[in-house]
Amino acid sequence: MIQFRQLVLARGARRLIESLTLQIHPGWRVGVVGANGSGKSTLFALLRGLLHQDQGDLEMPAHWTIAQVAQETPALATAAIDYVLEGDTELMQIERQLAADPHAQHIGELHARLAEIDGYGARARASALLAGLGFADSDFTRPVSDFSGGWRMRLNLAQALMCRSDLLLLDEPTNHLDLDAVIWLERWLSAYRGTLLLISHDRDFLNACVTHIAHLDQQKLTLYTGNYDSFEDQHAAQLAQQQAMFAKQQREVAHLQKYIDRFRAQATKARQAQSRIKALSRMERVTAAHVDTPFSFSFPEPDRAPDPMVTLKDVRLGYGDKVIIDNIKLELRPGARLGLLGPNGAGKSTLIKLLAGDLAAQQGSALFGKGVQLGYFAQHQLEQLRSEESPLQHLIRQEPMTREQDLRDYLGGFDFRGAQVDAKVGPFSGGEKSRLALALLIRHKPNLLLLDEPTNHLDLEMRHALTLALSEYEGSMVLVSHDRALLRTVCDDFLLVADGVAKPFDGDLDDYLLWLDARRANTATSNTNSEAASDKASRLQARADAAAERQAKLQRRRPLLKELEQLERKLQGWQGEKKLLDERLADPALYASGDSAQLQGFLKRQGELGQSIDAGEERWLEIQTELEEIGEL
């Protein structure tokens with residue numbers, strides 16, 4: 001096991017961890033969470049032996065093999081699959097010994113050990129890792145030097161997973177992955193038999209992978225049993241005992257309730273109702289765990305938008321002779337909240353670049369309505385921040401006539417406070433630069449947001465604050481993200497970008513995960529032509545049965561969802577009419593007029609509306625119950 005005894009860990013004069021005493025047992029999968037800069041990565045460096053504690057003791061088995069993801073990858077001529085195989089150092093050592101002296105006396109022992117560690121299946125395991133992380137078969141033999149920085153990080157991740165480790169240390173492994181690779185990785189980690197310590201700010205990913213949460217806050221590392229949702233419940237219960245936090249907690253709950261009320265009255269995309277309601281209910285339940293968040297910001301109300309905002313007609317996108325997406329037809333209207341789904345490399349970011357004006361269409365037309373105010377966020381924009389200027393100087397450059405104190409207050413909502421407001425941006429972490437870029441973007445009052453992986457490098461508290469702000473945002477939005485909690489909460493519709501086309505996706509995020517599973521199954525089937533005919537028939541029948549079951553559920557769900565959509569529109573109308581009647585009946589002039597017939601008519605209509613609203617809300621709840629019984633597709 002890993003055992004800490006009264007351990008103190010500091011970085012320079014700053015203490016990160018005080019008096020740490022806890023145990024991590026073999027086989028535990030521990031998610032390490034905490035604000036950026038709290039010391040999570042420093043703790044990993046301690047476990048790897050790169051640092052030494054300032055006080056106390058750290059004990060861990062000397063024979064353990066520790067695996068971690070390399071942060072840099074030189075431009076090697078080594079083939080990708082061979083680079084991944086190097087992660088199994090014992091395998092590499094045995095193979096070198098066999099190659100150096102194939103007739104050595106201990107050759108039998110080497111082959112026996114090779115069999116024990118499944119060395120003969122190592123190349124197949126490496127191929128599976130590469131495929132799961134999004135590499136095509138043709139990439140396996142390409143040299144490492146051919147890949148971009150993001151893909152080299154995937155190679156480093158595959159190499160770490162290839163290691164037959166006792167302790168696996170992963171620091172933000174999903175930052176360079178798309179959604180399908182994230183889902184594959186969480187399944188792989190769920191089956192990992194060693195001890196896992198995982199730093200991540202993706203709540204869905206943590207929920208699927210870990211058995212414990214280690215929360216680093218205010219120089220204390222506290223261990224909780226369960227996944228991230230369970231940690232938030234436990235943490236919320238602790239915070240709720242602090243009376244000083246209660247008022248702020250209630251304000252946050254009221255903030256969420258306002259959104260929920262608006263959603264019930266105005267949602268027109270009933271297909272998304274189930275996942276949205278679940279996400280919102282989860283947000284309300286865990287809000288108490290975020291009462292001490294350092295972030296507090298919202299999007300200002302944007303200027304009136306044209307209708308339509310953007311129209312794409314028969315657009316072809318690509319680079320040079322390579323076509324990425326063809327025949328795109330898309331109309332974005334005011335209030336659109338569109339999420340882009342699809343495998344890595346299919347063209348999601350390419351489509352965002354077209355909408356942002358960074359890429360021209362090879363064919364077709366892209367028309368923007370007069371008055372569209374774009375707000376574009378992408379990771380490469382962090383490089384455009386001026387390294388020698390402070391956050392305040394960036395904001396003054398953008399708004400030279402605004403009072404400086406107002407700008408400082410605004411930056412405080414993004415946790416830029418004190419000396420950091422005037423500090424140079426150059427040494428900032430990726431998370432701090434992302435926060436600054438978002439702060440600058442929001443001040444522009446965009447009516448069309450284009451967000452390409454906005455949560456990369458953001459910690460959980462900032463993701464929570466961004467999700468709240470986007471939920472209340474009144475403009476239109478196109479979002480690419482591997483953060484499922486964000487996608488579920490803020491997107492009404494999805495566009496599937498895959499196989500050279502972009503088309504509306506008739507379903508929610510859970511349907512997309514099923515689509516990914518089916519796609520992988522079809523790929524596996526096409527690559528395994530040697531399977532027996534009976535096995536193939538069984539799989540086909542199983543897929544047919546699953547499709548039939550899903551179709552039956554769809555037939556039950558569709559009329560309910562249609563009724564739900566109609567009912568929400570009626571409730572909105574009834575509630576609006578009743579509000580006007582209530583105001584009229586509260587007016588003393590009505591009673592002074594002496595028109596008893598009019599008064600009786602108003603009172604009668606008020607009662608009818610009250611009954612209609614009560615019956616409508618009761619039916620709304622019945623429909624939700626029926627949809628829950630039917631279950632996910």
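Buried means under 20% relative accessible area. Keep that cut-off in mind for the close-ups below, and remember that this is a predicted model.

**View 1. Strand E8 sits between two partner strands, E3 and E9.**
Let's start with strand E8, residues 212-217. Is E8 enclosed or open, going by how many of its residues are buried? Five of its six residues are buried, so E8 is largely enclosed by the rest of the structure. Strand E3 (residues 29-34) pairs with E8 in the parallel sense, over five bridges. To find your place in that pairing, look for Val32, which stands opposite Ala214 in E8. Strand E9 (residues 220-225) also pairs with E8, but here the two run antiparallel and six bridges join them. A handy landmark for this pairing is Leu216, which stands opposite Leu221 in E9. While you're looking at strands, here's a rule worth knowing: in a regular strand the side chains alternate between the two faces of the sheet.

**View 2. A hairpin links E8 and E9.**
Zoom in on the turn of this hairpin, where two residues lie between E8 and E9. Which residue in the turn has a positive phi? That's Gln218, with a phi of about 55°.

**View 3. Three strands make an open sheet in the order E2-E1-E4.**
The pairing in this sheet is antiparallel. Strand E2 (14-24) and strand E4 (55-59) are the edge strands, so called because each pairs on one side only. On average, neighbouring strands here are turned by 25° against each other, if you ignore direction. Strand E1 (residues 2-11) is joined to E4 by four bridges, and the two run antiparallel. Want a residue pair to spot? Phe4 has Leu58 in E4 as its bridge partner. Now add helix H1 (residues 40-47), which packs on the sheet and touches E1, E2 and E4. The direction of H1 makes about 120° with that of E1.

**View 4. Helices H3 and H4 pack at an angle of about 150°.**
The axes of H3 and helix H4 (residues 107-116) are 10 Å apart. With that angle, H3 is roughly antiparallel to H4. H3 passes H4 in a left-handed crossing. Who does the touching? On the H3 side, the contact is made by Glu90, Leu91, Ile94, Gln97 and Leu98. H4 brings Ile107, Leu110, His111, Arg113 and Leu114. Sorted by class, this contact has six nonpolar, two polar and two charged residues.

**View 5. Glu86 lies in the loop between helix H2 (80-85) and helix H3 (89-100).**
Is Glu86 buried or partly exposed? Its relative accessible area is 36%, so Glu86 counts as partly exposed. Leaving out residues up to four places away in sequence, Glu86 touches Thr78, Met92 and Gln159. Gln159 is a fun one to look for: Glu86 and Gln159 are 73 residues apart in sequence, yet 6.8 Å apart in space, C-alpha to C-alpha.

**View 6. Helices H5 and H6 meet in a right-handed crossing.**
Helix H5 (residues 122-132) and helix H6 (residues 149-162) pack at an angle of about 140°, and their axes are 10 Å apart. H5 and H6 are therefore oblique to each other. The H5 residues in the contact are Ala122, Arg125, Ala126, Leu129 and Leu130, while H6 brings Leu155, Ala158, Leu161 and Met162. By class, that's eight nonpolar, no polar and one charged.

**View 7. Leu129 lies in helix H5.**
How does Leu129 count at 5% relative accessibility, buried or exposed? Leu129 counts as buried. Not counting residues up to four places away in sequence, Leu129 touches Val84, Ala158, Leu161, Met162, Trp184 and Trp188. Leu129 and Leu185 are 56 residues apart in sequence, and their C-alpha atoms are 9.1 Å apart in space.

**View 8. Helices H13 and H14 pack at an angle of about 125°.**
Last stop: helix H13 (residues 391-398) and helix H14 (residues 404-412), whose axes are 10 Å apart. H13 and H14 are therefore oblique to each other, and their crossing is right-handed. H13 makes the contact with Pro391, Leu392, Leu395 and Ile396, and H14 with Glu404, Leu407, Arg408, Tyr410 and Leu411. The residues of this contact divide into seven nonpolar, no polar and two charged.

Conventions: Residues numbered from 1 in each chain as written. Predicted model: local features only at pLDDT ≥ 70, side-chain atom pairs only at ≥ 80, totals over all residues. Heavy atoms only, no water. Axes fitted to C-alpha atoms, helices over the stretch in contact; angles between N-to-C directions. Parallel < 35°, antiparallel > 145°, perpendicular 65-115°, else oblique. Left-handed = near helix turned anticlockwise from the far one by under 90°. Contact = heavy atoms within 4.5 Å. Nonpolar A, V, L, I, M, F, W, Y, C, P; charged D, E, K, R; others polar. Buried < 20%, exposed > 50% of the residue type's maximum accessible area, 1.4 Å probe, protein only.
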